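Q: I'm new to this one and would like a close look at a single small part of it. Please start there, then carry on to whatever helps me place it.

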Amino acid sequence: MKKYTNLTKLLNDLPLKDGMNLSFHHHLRNGDGVINLVLEQIEILGYKDLLLSPSAIFPSYTGILKLLQQDRVKHITTNYLNGPVANFLAQHGKPSSLKMQTHGGRARAIIESENKIDIAFIAAPCVDHKGRVSGLYGPSACGSLGYAMEDLKHASVKILITDHYVEHLDDSQVKDVDIDAVLVLDSIGDARGIVSGTTTITSDPIGVMIAKNASKLIETLGLIKPGFTFQSGAGGVSLRVTDFLKSYMEKHNIKASYFSGGITKYHVEMLEKGLVEKLYDVQCFDLDAIQSLKRNPQHYAISANDYANPSNPNRVTKGLDIVILGATEVDINFNVNVTTDSYNTIIGGSGGHADTASDAFVSIIVSPLLKARTSVVKEHVNTITTSGKHIDCIVTERGIAINPLRQDLLEKLKHSSLDIVSIETLMERAYSYTGVPESTTYKGKPFGVVEDRDGTTIDTLHKKE
Amino acid sequence: MKSIVVGSLESSDCLITISPHHTLEIVIESPVYQSFGKQIESVIQNILNAFSLTHVKVYCQDKGALDYTIEARLITAIERFKEAENES
């Protein structure tokens, strides 16, 4: 492993060429300094027809935008994006310039050489002289490096970029990997942007009501039993559901087997109270989660492959009993959109949505039925992120719909006092307030696709005009 | 005569500005314009008809308000507009 302290020198030594496929990870989120730094140099060096494979694209990743504006990017593969890059693509994207994958699907595609990465530029919060890597230490600590693991194993050239180079690390988060080079810089990120902004438990009365309905549903379905497994996102309502489960588990003395996915202080607290045996952490959402990884041996940093690769029979998501997820739109066939809004603006992407919904025994969407004048339930979603066959329950403040494919769940809820209605009824309830929306959304030319975790195309992305 | 402004730019609300005009004009800005623009316009038009107003400009900055919110904001705006008209 060669050590560099100058990016230009490093790039001079790399087999750079037009059409190369470069990968990055998004664990430093909006505080990432590596992707812009590298792409600014690539821009100066004049390369074109680039393939970019960042695991996600945040608003601050303007290095990508500049290359797009100069028409030097041929294709982007990513799992989640919003902000200027998303807006540029939706306005100016050429045909097939974007592929949106799931976290598990990205790992699968890299491992199975469907997505061949030429050079992986991996922001690494801490590196030692043998190329051992940790996300736990240094000024840009981010905790788990789950989404960078496959890049580091399968890219032709593997580069670590760090601002915390140490003599010796006891434990490497990436094992059995030959790193080609490490670049040591003054700074790889802005710590203020690294912590996610979405990890506060909701106190909004509608959010609390939805969470209460969801917890009651989970209880009624008899899913909270010793050794159960659970995943919730970091959204405020999901975290409130987790909090309700905690009270129930304490009261009934029930211990869960594992929680997985993005980990927050609420999950850590339950681990330390002995309410859950293990945390499988693919991404730390706050500083408490990072600290917990250091001190709790039962808190495991796992790779995207271990987490959700559909070709990996031992993936964590496969063992999930319950997953709580969000939605921007749900249609009457239970298809869920978390990729675009109703007007073709890209606002996010699957991340682990389709991975967990496909695998979990019960997948539950929690969402307000009305977001201002927009009904979440509608006849057609603008973009399908997760197929309706994998979505089991929709929980709102104005009723709960169960997918008719799950007669087993409906049977268990037959005598429940919960407000269980058809999904059409949910939609009609919403329309009774909003009026029936005109379905005039104009779909422009296609510029990209949404891919299911197994690599099949599940929907097409259209330009705004 | 001055314009009258009623409402807010909070989500699910609207800000209505009503001012004297040589003809009737309705301007709507809304994040849900594609889905509900015509509906919002007809709500505003109906209220203006009910108050027999024909020489005003109504500027509705909508933030996803439901019909009754738009009606309530507009009626309040019209009442204040008429009060100001009588005072001047």
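A: Let's start with one pair of residues: Glu329(A) has Asn337(A), in S18(A), as its bridge partner. Glu329(A) falls within strand S17 of chain A, residues 329–331, and that strand runs antiparallel to S18(A), with 2 bridges between them. Two strands count as paired once DSSP finds at least two bridges between them. Strands here are DSSP runs of E with at least two residues, helices are runs of H or I with at least four, and both are numbered from the N terminus.

Step back a little and you get an open sheet of 3 strands in chain A, in the order S18-S17-S22, with mixed pairing. Its edges are strand S18 (336–337) and strand S22 (377–378), each of which pairs on one side only.

Before going on, some ground rules: this is a predicted model, where local features need pLDDT of at least 70, side-chain atom pairs need pLDDT 80 or more, and totals for chains, interfaces and linings take in all residues. Residues are numbered from 1 along each chain as its sequence is written, chains are lettered from A and ligands numbered from 1 in the order they are written, and side-chain values use heavy atoms, leaving out hydrogens and water.

So what does the sheet sit in? Chain A has 15 helices and 27 strands, and its C-alpha trace spans about 70 × 55 × 35 Å along the principal axes. The radius of gyration of chain A, 22 Å, agrees with the figure near 23 Å for a compact globule of 465 residues; it is taken over C-alpha atoms, and the globule rule is 2.2 Å times the number of residues to the power 0.38. In chain A, 61% of the 465 residues are buried, which means under 20% relative accessible area (exposed is over 50%, partly exposed lies in between, with a 1.4 Å probe and protein chains only). As for contacts (heavy atoms within 4.5 Å), take those in chain A between residues at least 6 apart in sequence: 70% of them join residues at least 24 apart.

Chain A also has a residue with a positive phi. Asp49(A), which isn't glycine, has a phi near 55°. Asp49(A) sits in the loop between helix H2 (34–45) and strand S3 (50–54) of chain A, and is partly exposed at 37% relative accessible area. Most residues other than glycine have a negative phi.

Chain B offers a similar case: Ser52(B) has a positive phi near 50°. Ser52(B) is in the loop between H1 and S4 of chain B, and is exposed at 60%.

Strand S4 of chain B, residues 56–62, has 5 of its 7 residues buried. Strand S2 (residues 14–20) of chain B pairs with S4(B) antiparallel over 7 bridges, with Thr17(B) opposite Tyr59(B). Strand S3 (residues 25–29) of chain B pairs with S4(B) in the parallel sense over 5 bridges, and there Glu25(B) faces Lys57(B).

Last stop: Gly37(B), in helix H1 (residues 33–50) of chain B. Gly37(B) counts as buried because its relative accessibility is 0%. Leaving out residues up to four places away in sequence, Gly37(B) touches Ile28(B) and Val32(B).
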